[in-house]
Amino acid sequence: DALIAEETRSFVARQPQSRAHRDRAAHLAGGATSNWQIAEPQAVWFSHGSGSKIYDVDGIEYADFHGGYGVSLAGHGHPAIVAAVQERVTRGTHFAQPTEDAIVVADNLAERFDQPLWRFANSGTEATMDAIHLMRAATGRDRILKVEGCYHGHHDSVEVSVLPEPDDDIGPPDRPHGVADNSGIPDAILDLVTIVPFNDLGAVERALAEHPDQVAGMILEPVMMNAGIIDPVDGYLAGLKELLHRHGALLTFDEVKTGLTVGPGGVTRLVGVTPDLVCLAKAIGGGVSTAAIGGTEEVMSLIADGRYEQVGTFNGNPLAMAAARAMLTEVLTPASYAHLDRLRDRMTVGLQDVIDRHDLPWRVVTAGAKGCVSFLPHPIRNFRDFLQLDGRYGQAHWLVQANRGAFLPPWGKVEQWLVSVQHTDEDIDRFVANCGHLASRLTAPAAR
Ligand code: PLP
């Protein structure tokens, strides 16, 4: 607590312009553009980014490990994205009719994710909403299964059991209660969502048996990335697909975060399990907002023949498609993935050395360009394990990094770092050195 207080004081003292911006923002509800930007003291206002660096309105430079919640895999101002966007802006950004880039993007995603048919949307929320509608439309059933602790955006069916408040009645670990995560979610919708623990095929089997012929399908993050990073145990994802299909239900992978960041074809490709539907967003637009839903012929035929109307004024808009085309065909090359893998290895070795030197029980968990330090001694298998984490570690880590030139997502408990294709060894070394500073402070005799 003393470390957090001291680091907070020094952080706040360096942010007069951010504070002035917040004071000026009288007509922005809550003084920010998303509730996730409000929490003190990390409500930092930014002016620009370049390569792996971002600069706040106080002129402070940070190596960007926030990555805009997993968007900035290309880094900032990547020449290929800049050229594509500039060219598109001069030739018109909106027709509400498709442009050629959409064909290239769909072809590229089809190959990466082994799904034949694609549509576009504008955010991860829209993609998962369409996927759930599609699972319901394809099966004529209403109930969905959702994993406790998975985040899929802010629509009715999925703002359930994401990050409960301490006084919520979340139920026993093997039979979690569905808890609304926001106000404005009708109970009638909550009643159609069954919550299951991650990595537990038995719980899914039981839910399917308890609701015969009612479950349309299941949505999950195939590697959980809104609770640190939690890997699926061997056979879990393949087992889900088999189980759901046996009960006439469908499987959706929400790869909004994992999509292009864990590897060229997401978790889908890494584990070799192809779901019925896959949702992408965040990194695919190279920094421009866009999303994609890919699926099998069987499910996507509902869109093709109009039984499910997948619509939206800005779907597949030319600007987003130009940026996505550049991202997929020019930025995310095999050489870029080799660079990301090398940086990941450098980070892992550096952090493991910090952990060993200070004899700490922490663990480094990575998935491609993403990773986190898990401040728990035991491996995390599901959301209940994750809830045992003392949030003060993430808070102290965030502050120590921010005060020494590296910017992480808020509090670093739920979120992970993202390394971009423009990050350098020097960025990684800065992050590792800062983590070493945290470790020495926490293990210094006075801190014990
Ligand atoms: N799915 C996952 C796995 C996410 O992490 C997020 C956002 O963090 C979403 C969906 C929602 O995406 P968006 O914020 O673009 O609506």
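The following conversation walks through a predicted model, from its domains to its core, helices, loops and ligand shell.

Biologist: Into which domains is the chain divided, and how many residues does each give to the contact?

Modeller: The domain assignment gives domain 1, made of residues 2-73 + 333-447, and domain 2, made of residues 79-331. Taken over C-alpha atoms, the centres of domain 1 and domain 2 are separated by 26 Å. The contact takes 25 residues from domain 1 and 25 residues from domain 2.

Biologist: Which element gives the largest share of the side of domain 1 that touches domain 2?

Modeller: The elements that give two or more residues to that side of domain 1 are α3 (67-70), α13 (334-357), β11 (363-367), β12 (370-374) and α14 (383-387). By class, the side of domain 1 that touches domain 2 has 14 nonpolar, eight polar and three charged residues. The largest share of this side, four residues, comes from β12.

Biologist: Where does the largest nonpolar core lie with respect to domain 1 and domain 2?

Modeller: The largest nonpolar core has 123 residues, and those with the most contacts inside it are A127, M218, A323 and M327. Helix α12 (residues 318-331) gives the most to this core, with 10 residues. Because domain 1 and domain 2 both give residues to the core, it lies between them.

Biologist: Which residues does M327 touch, not counting residues up to four places away in sequence?

Modeller: M327 is one of the residues with the most contacts inside the largest nonpolar core. With residues up to four places away in sequence left out, the residues that M327 touches are A74, I81, I284, G285, G286 and L332.

Biologist: Is M218 buried or exposed?

Modeller: M218 is found in strand β7, and, leaving aside its neighbours within four places in sequence, M218 is in contact with I144, L145, V204, L240, L244, A249 and L251. The C-alpha atoms of M218 and I195 are separated by 9.8 Å, although these two residues are 23 residues apart along the chain. Since M218 has 27 C-beta neighbours inside 10 Å, and 20 or more are needed, M218 counts as buried.

Biologist: How are the buried residues of helix α8 arranged when seen down its axis?

Modeller: The buried residues of helix α8 (residues 201-210) are A203, V204, A207 and L208. They fall within an arc of 135 degrees, so they line one face of the helix. A general point helps here, as an α-helix has 3.6 residues a turn, so residues three or four places apart point the same way. What covers the buried residues of α8 includes β5 (143-147), β6 (193-196), β7 (215-220) and α9 (236-246), while the face turned away from the buried side carries the exposed residues G202, A209 and E210.

Biologist: Within what arc do the buried residues of α9 fall?

Modeller: The buried residues of α9 are L237, L240 and L244. Seen down the axis of α9, these residues line one face of the helix, because they fall within an arc of 50 degrees.

Biologist: How does K241 count by its C-beta neighbours?

Modeller: K241 is found in helix α9, and it touches L251, V273 and P275, not counting residues up to four places away in sequence. K241 has 17 other C-beta atoms within 10 Å, and therefore K241 is partly exposed.

Biologist: Which residue, in the loop between α4 and α5, has a positive phi?

Modeller: Most residues other than glycine have a negative phi, and most peptide bonds are trans. The residue in question is not a glycine, yet its phi is about 55 degrees, and its place is in the loop between α4 (79-90) and α5 (100-113). With 11 C-beta neighbours inside 10 Å, it counts as exposed, and its name is A96.

Biologist: From which helix does the largest share of the shell around the ligand come?

Modeller: The ligand is surrounded by 14 residues, and the closest are S123, G124, T125, G153 and V256. By class, the shell around the ligand has four nonpolar, seven polar and three charged residues. The largest share of the shell, three residues, comes from helix α6 (residues 124-139).

Definitions and conventions:
Residues are numbered from 1 along each chain as its sequence is written. This is a predicted model: local features need pLDDT of at least 70, side-chain atom pairs count only at pLDDT 80 or more; totals for chains, interfaces and linings use all residues. A residue is near a molecule or strand if its C-beta atom, placed from the backbone, lies within 6 Å of it. Ala, Val, Leu, Ile, Met, Phe, Trp, Tyr, Cys and Pro count as nonpolar, Asp, Glu, Lys and Arg as charged, and the others, Gly among them, as polar. A residue is buried if 20 or more other C-beta atoms lie within 10 Å of its own, exposed if 12 or fewer, and partly exposed in between; C-beta atoms are placed from the backbone. The arc is that of the directions from the helix axis to the C-beta atoms. Two residues are in contact if their C-beta atoms, placed from the backbone, lie within 7 Å. A nonpolar core is a set of buried Ala, Val, Leu, Ile, Met, Phe, Trp, Tyr and Cys residues joined through C-beta atoms within 7 Å. Domain bounds come from an automatic or database domain assignment.
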